[in-house]
Amino acid sequence: MANTQAMSTSFMGKLMTGTHNFGTGVIRASTAADVYYGALLLASGTFNASSSNYTGTVGSSTMSGEVSGTGYTAGGVAITNATPPTATNSSTTAGVAFWTPSASITYPTVTLGTAFDAVMIYNFTQGTAGAYPAVSIHTFGSQTITAGTFTLTMPSNTTTTALIRLATT
Amino acid sequence: MALVTTTKGEMDDSLLEKKEGSVDNDNEYTTWVEYWLDGELVHRSAHVQLKQSVMLGAEAASFN
């Protein structure tokens, strides 16, 4: 037997549930999962890995680069999160922690006349007006919606396809 | 016969021209449907099925 240098797979999973903190963190009001939102981004935008926050005010004012239109609320919609993150070892040195929203993200009966091509997922619970911490940005082909519904269906929640994955190899 | 939400209110789909399409690539499978009335777009819906995740790599450093 010998020891094997590795990142603990459970560590990655517990990063996703707020157990570890190497710096200055936040005071959590409860052990409940945070609430996440999905905001639609204009195709003309330049959001990327350096986009740290959703900078609008949820429910009242959109951020620069976010869609607007009839039936769309600033900040987008809350994401259904009924399935907690999972952490799974794939070998003695590798593992994956992953999470996927448990339902489609739906924007019902909207008119979004300016093309959009991405959604930003961000943390509503740990944010404040103008600064809600971003999680990820997911792109797709450019769309407009006219008096209709826009639906984003999630990939399967597996080690290889989950929407968000932390992985060692 | 079915009712469709349009820019002019609920309309019977038999009065409208329907157009549909899809996109399938490594990133998404998207379907869309449009309804037109006398050359005017009065309804468009889209459904995007995401296929890919975003991944963050993690590594434990060695002392040597």
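1. What pLDDT does chain B average, and what share of the residues score at least 70? Chain B averages a pLDDT of 93, and 98% of the residues score at least 70. Keep in mind that this is a predicted model. Confidence varies among the elements of chain B: S4(B) has the highest mean pLDDT, 98, and S6(B) has the lowest, 85. Where pLDDT is low, the predicted coordinates should not be read in detail. For the complex, the predictor gives an ipTM of 0.92 and a pTM of 0.94.

2. Start with the layout of chain A. It has one helix and eight strands. The helix comes at the N-terminal end of the order, and the strands follow: α-β-β-β-β-β-β-β-β. The C-alpha trace of chain A spans about 65 × 35 × 30 Å along its principal axes. Chain A has 169 residues, and 36% of them count as buried.

3. Next, the contacts inside chain A. Take those with a separation of 6 or more. Of these, 71% are between residues 24 or more positions apart. One pair can serve as an illustration of distance. Ala49(A) and Met120(A) are 71 residues apart in sequence, and their C-alpha atoms are 11 Å apart in space.

4. Strand S6(A) deserves a look, with partners on record in two pairings. S6(A) covers residues 105–123. S1(A) and S6(A) pair in the antiparallel sense, over seven bridges. Within that pairing, Ala39(A) stands opposite Met120(A). S6(A) also pairs with S7(A), residues 132–153, again in the antiparallel sense and over eleven bridges. There, Val119(A) stands opposite His138(A). Strands of a sheet pair through backbone hydrogen bonds, either parallel or antiparallel.

5. Which four strands form an open sheet with mixed pairing? The order is S4(A)-S5(A)-S8(A)-S6(B), with S6(B) being a strand of chain B. S4(A), residues 86–89, and S6(B) stand at the edges. Each has a single partner strand, so one side of each is left without a neighbour in the sheet. Neighbouring strands of this sheet are turned by 20° against each other on average, direction ignored.

6. Now the pairings within that sheet. S5(A), residues 95–99, and S8(A) run antiparallel and are joined by four bridges. Trp99(A) has Ile164(A) in S8(A) as its bridge partner. S8(A), residues 164–167, pairs with S6(B) in the parallel sense, over four bridges. Here Ala167(A) stands opposite Gly57(B). A caution on this spot: S6(B) has the lowest mean pLDDT among the elements of chain B.

7. How many residues does each chain bring to the contact? Chain B gives 28 residues and chain A gives 30. On the side of chain B that touches chain A, four strands give two or more residues: S1(B) (3–6), S4(B) (28–37), S5(B) (40–50) and S6(B) (54–57). S5(B) supplies the largest share of that side, ten residues. By class, the side of chain B that touches chain A has 13 polar, eleven nonpolar and four charged residues.

8. Two residues merit a backbone check. Most residues other than glycine have a negative phi, and most peptide bonds are trans. Thr109(A) has a positive phi, near 50°, and is found in S6(A). Thr109(A) has 14 other C-beta atoms within 10 Å, so it is partly exposed. Asp38(B) also has a positive phi, of about 50°, although it is not a glycine. Asp38(B) is found in the loop between S4 and S5 of chain B. Is Asp38(B) buried or exposed? Asp38(B) counts as exposed because it has 8 C-beta neighbours inside 10 Å, and the cut-off for exposed is 12 or fewer.

9. Last, a loop residue of chain A. Where is Ala49(A) found? Ala49(A) is found in the loop between S1(A) (36–42) and S2(A) (53–54). It counts as exposed because it has 9 C-beta neighbours inside 10 Å.

Key. Residues are numbered from 1 along each chain as its sequence is written. Chains are lettered from A and ligands numbered from 1 in the order in which they are written. This is a predicted model: local features need pLDDT of at least 70, side-chain atom pairs count only at pLDDT 80 or more; totals for chains, interfaces and linings use all residues. Two residues are in contact if their C-beta atoms, placed from the backbone, lie within 7 Å. Ala, Val, Leu, Ile, Met, Phe, Trp, Tyr, Cys and Pro count as nonpolar, Asp, Glu, Lys and Arg as charged, and the others, Gly among them, as polar. Two strands pair if DSSP finds at least two bridges between them. A residue is buried if 20 or more other C-beta atoms lie within 10 Å of its own, exposed if 12 or fewer, and partly exposed in between; C-beta atoms are placed from the backbone. pLDDT is the predictor's confidence in each residue, from 0 to 100. Axes are lines fitted to C-alpha atoms, for helices over the stretch in contact, and angles run from 0 to 180 degrees between N-to-C directions.
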